Amino acid sequence: MKAAIFDLDGTLVDSAPDIAHAVNRMLADRGAPAQETAFIETLVGEGARMLVVKLHRALGLPDADVDRDTRIYLDYYAARPVADSTLYADAATALPALRAAGVRLGVCTNKPEALARQVLDRLGLLPHLSAVVGADTTPHVKPDPRPLLHTLDLLGAAPGETVYVGDTGIDLACARAAAVPCRIVDWGTGRAVPVEDSARLRRFSDLLPAAVPAG
């Protein structure tokens, strides 16, 4: 394996509390009821606008307000992106170990790139990454394979020598369309994605060469 690319929200980072806080601030502004974090987490994965689209559909809010509410949500989120977010599993030790083992690391997310970099920096992962591709880095978002293929180009790696790690069916579809082997994490929304056991990732250090310990 020459490279490993990770989704961000729900894969490397449990960002649901901060996303839910921003969503509920936006809802409060328009007089709508607050929603549970667990429900909001199910809306994450296709980018900020689709999160708001799905929220509007679920709550019966007008489609005409989607773009405005997306901007408001992102403003609230950008002001407080890492107050309660935490790293999943052994990310803090496994990613440095992967990099030390010569594996090139990147992130491909549907979060705006600047926000993704801010979250990764605050949680200590950014120095270990050679590429970060977000929703606005290219004209496309996952499950379109082009953001993932762009990440491969930045890392100088081919699909067959890379693994993509995600937590949703969106990530799985993106990886398959790019012909990149995919692993789905065994936490959060990842547990609901039907994959064979061999495609399930229970800790990031399982990606390491057998002789290289994590941490």
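User: In this structure, which residues of helix 1 and helix 3 meet, and what makes that a contact?

Analyst: In this predicted model, Ile 19, Val 23, Met 26 and Leu 27 of helix 1 meet Leu 51, Leu 55 and Leu 59 of helix 3, where contact requires heavy atoms within 4.5 Å. Sorted by class, this contact of helix 1 with helix 3 has 7 nonpolar, no polar and no charged residues.

User: Why are helix 1 and helix 3 called oblique to each other?

Analyst: Helix 1, residues 16-29, and helix 3, residues 48-59, pack at an angle of about 55 degrees, and their axes are 13 Å apart. Angles under 35 degrees would count as roughly parallel and those from 65 to 115 as roughly perpendicular, whereas about 55 degrees belongs to neither range, and helix 1 and helix 3 are therefore oblique to each other. The crossing in which helix 1 passes helix 3 is right-handed.

User: What makes helix 3 and helix 4 oblique to each other?

Analyst: The axes of helix 3 and helix 4 cross at roughly 120 degrees and come within 9 Å. The range for roughly perpendicular runs from 65 to 115 degrees, and roughly antiparallel applies over 145; an angle of roughly 120 degrees falls in neither, and helix 3 and helix 4 are therefore oblique to each other. Helix 3 passes helix 4 in a crossing that is right-handed.

User: Which residues of helix 3 and helix 4 meet, and how do they divide by class?

Analyst: From helix 3 come Ala 48, Arg 49, Leu 51, Val 52, Val 53 and His 56, and these meet Val 66, Asp 67, Asp 69, Thr 70, Tyr 73 and Leu 74 of helix 4. By class, the residues of this contact of helix 3 with helix 4 divide into 7 nonpolar, 2 polar and 3 charged.

User: What makes the largest cavity a cavity, and how much space lies in it?

Analyst: A set of grid points is a cavity where a 1.4 Å probe fits but cannot get out, and the count comes to 1 cavity of 30 Å³ or more. The space in the largest cavity is about 290 Å³.

User: Which residues lie nearest the centre of the largest cavity, and which elements supply its lining?

Analyst: The lining of the largest cavity comprises 30 residues, and Asp 9, Ile 19, Val 44, Gly 45 and Lys 111 lie nearest its centre. At least two lining residues each are supplied by strand 2 (13-14), helix 1, helix 3 and helix 4 (66-79), and helix 4 gives the most, with 3 residues. Divided by class, the lining of the largest cavity has 13 nonpolar, 8 polar and 9 charged residues.

User: What is the volume of the largest pocket, and what makes a pocket open where a cavity is not?

Analyst: The largest pocket has a volume of about 160 Å³; a pocket is an open set of points, whereas from a cavity the probe cannot get out. The largest pocket is lined by 13 residues, and the closest to its centre are Gly 47, Ala 48, Arg 49, Thr 70 and Leu 74. Helix 4 contributes the largest share of this lining, 4 residues, and by class the lining of the largest pocket divides into 6 nonpolar, 3 polar and 4 charged residues.

User: Where is Ala 89, and what is its phi?

Analyst: Ala 89, which is not a glycine, has a positive phi of about 50 degrees, and Ala 89 lies in the loop between strand 3 (86-87) and helix 5 (91-100).

Note on methods:
Residues numbered from 1 in each chain as written. Predicted model: local features only at pLDDT ≥ 70, side-chain atom pairs only at ≥ 80, totals over all residues. Heavy atoms only, no water. Axes fitted to C-alpha atoms, helices over the stretch in contact; angles between N-to-C directions. Left-handed = near helix turned anticlockwise from the far one by under 90°. Nonpolar A, V, L, I, M, F, W, Y, C, P; charged D, E, K, R; others polar. 1 Å grid on protein atoms, 1.4 Å probe; cavity = no way out; pocket = protein on both sides within 12 Å on 5 of 7 lines; lining within 4 Å. Points joined across faces, edges and corners; volume = space filled by probe spheres on them.
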